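Me: Could you take me through this one? I'd like to start with how the strands are put together.

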Amino acid sequence: MGRASATGHEADATGAAPAPAAALLAAILETAEDGIVGLAPDRTIAFANQAAARYFGRPAADMVGERAEALFPADQRPAVAGLLERVSAGDRVRQFETEVLRGDGMPVPLALSLSPVAVGTGPPGAVLVARDITEQRLA
């Protein structure tokens, strides 16, 4: 008998989540209001949800394979690279405010958080979560 996963379904003997849990995870990622970007250890984008596509102004599929720094205006890339270095060293970045341009040229103020993601024994990747803070800035 396998062990129960977070959804209450049993995992198989390898510990892999059953298909319903994988489908639930995919649905959560795609319907989240926050932009979620998964980064490989080399800082290339492995995944981006639809909210991230809206915030960064390009289709999620087009973001895959790009360097994370490419999501940001050139003047912000050194700061973002520094944050990614911290995350590679195992630190978490709780909140970093920045502004990006959507595809239509409109600025979007974002609060970013970054966390390391360990998969196996290799170097960690990261998850970048972006929240639109337009309403907070207008208040």
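Reply: Two strands count as paired if DSSP finds at least two bridges between them, and strands themselves are DSSP runs (E, at least two residues) numbered from the N terminus. This is a predicted model, in which local features need pLDDT of at least 70, side-chain atom pairs count only at pLDDT 80 or more, and totals for chains, interfaces and linings use all residues. Residues are numbered from 1 along each chain as its sequence is written, and side-chain values use heavy atoms, with hydrogens and water left out.

Me: Fine, so which residue in β5 is the bridge partner of Gly-38?
Reply: Gly-38 has Val-127 as its bridge partner there, and Val-127 is also the bridge partner of Ser-115.

Me: And how many bridges join β4 to β5?
Reply: Eight, with β4 (residues 107-117) running antiparallel to β5, while β1 (residues 35-39) pairs with β5 (residues 125-132) over five bridges, also in the antiparallel sense.

Me: What order do the five strands take in the sheet?
Reply: The open sheet runs β2-β1-β5-β4-β3 with antiparallel pairing. Strands β2 (45-48) and β3 each have a single partner strand, so one side of each is left without a neighbour in the sheet.

Me: Switching topic, is Thr-98 buried or exposed?
Reply: Thr-98, which lies in strand β3 (residues 93-101), is buried at a relative accessible area of 7%, where buried means under 20% with a 1.4 Å probe and protein chains only.

Me: Which residues is Thr-98 in contact with, leaving aside neighbours within four places in sequence?
Reply: Among them are Phe-72, Gln-76, Leu-110 and Arg-137, taking contact as heavy atoms within 4.5 Å.

Conventions:
Helices (H or I, at least four residues) and strands (E, at least two) are DSSP runs, numbered from the N terminus. Buried means under 20% relative accessible area, exposed over 50%, partly exposed in between (1.4 Å probe, protein chains only).
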